[in-house]
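Work through the exercises below with the sequence and the 3D structure at hand, and try each task before reading its solution.

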Amino acid sequence: PLDLNRELVPNPASNFFVRVEGDSMTGDGIGDGDLLIVDVREPYDGCIAVCYVDGEFTVKRVKLEAAGLA
């Protein structure tokens, strides 16, 4: 038997699933209706993150900039 939790969820205490709505991330291979496994951790430059912005969740690629540079 194949246990998907054991294979795909490395940190059960800090992982959760989200269903994607929309097509803004299709360039990164994430499409409408996809199911994502999210691992809660500090973001780093270039990672894909689930963020809570203006009362809604969104999935975006993170671009960190040096302090004072915009």
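**Exercise 1. Find how many salt bridges a search of the whole structure gives, and work out which parts of the chain the pair R61 and D28 ties together.**

Solution. Begin with the total, remembering that this is a predicted model: a search of the whole structure finds two salt bridges. Next, take the one between R61 and D28, whose closest N and O atoms are 2.6 Å apart, and compare this distance with the cut-off, which asks for a side-chain nitrogen of Lys or Arg within 4 Å of a carboxyl oxygen of Asp or Glu. Finally, place the partners: R61 belongs to strand β4 while D28 sits in the loop between β1 and β2, so the pair ties together parts that are 33 residues apart in sequence. As a general background, side chains of opposite charge can pair when their charged atoms come close.

**Exercise 2. Describe the largest pocket by its space, its lining and the classes of its lining residues.**

Solution. First, note the volume, since about 430 Å³ of space lies in the largest pocket. Second, turn to the lining, which is made by 18 residues, with V38, D39, I48, A49 and V50 lying nearest the centre; the elements that give two or more residues to this lining are β2 and β3 (48-53). Third, sort the lining by class, which yields 15 nonpolar residues, three charged ones and no polar ones.

**Exercise 3. Do the same for the second largest pocket, and state which element gives the most to its lining.**

Solution. The second largest pocket holds about 270 Å³ of space. It is lined by 13 residues, and those nearest its centre are V20, E21, F57, T58 and V59. Both β1 (15-19) and β4 (56-61) supply at least two residues of this lining, and β4 gives the most, with three residues. By class, the lining has seven nonpolar, three polar and three charged residues.

**Exercise 4. Locate the nonpolar patch on the surface and name the elements that each supply at least two of its residues.**

Solution. Mark L2, L4, L8, F17, L35 and I37, which form the nonpolar patch and together have about 610 Å² of accessible area. Then assign them to elements: α1 (4-8) and β2 (35-39) each supply at least two residues, and L4 is found in helix α1. As a last step, consider the confidence of the model, for among the elements of the chain α1 has the lowest mean pLDDT, 85, and β4 the highest, 94, while the mean for the chain is 90.

Note on methods:
Residues numbered from 1 in each chain as written. Predicted model: local features only at pLDDT ≥ 70, side-chain atom pairs only at ≥ 80, totals over all residues. Heavy atoms only, no water. Patch = residues over 30% accessible without salt bridge, like charges linked within 9 Å, V, L, I, M, F, W, Y side chains within 5 Å. Areas by Shrake-Rupley, 256 points an atom, 1.4 Å probe, with all protein chains shown as cover. Helix = DSSP H or I, 4+ residues; strand = E, 2+ residues; numbered from the N terminus. 1 Å grid on protein atoms, 1.4 Å probe; cavity = no way out; pocket = protein on both sides within 12 Å on 5 of 7 lines; lining within 4 Å. Points joined across faces, edges and corners; volume = space filled by probe spheres on them. Nonpolar A, V, L, I, M, F, W, Y, C, P; charged D, E, K, R; others polar. pLDDT = per-residue confidence, 0-100.
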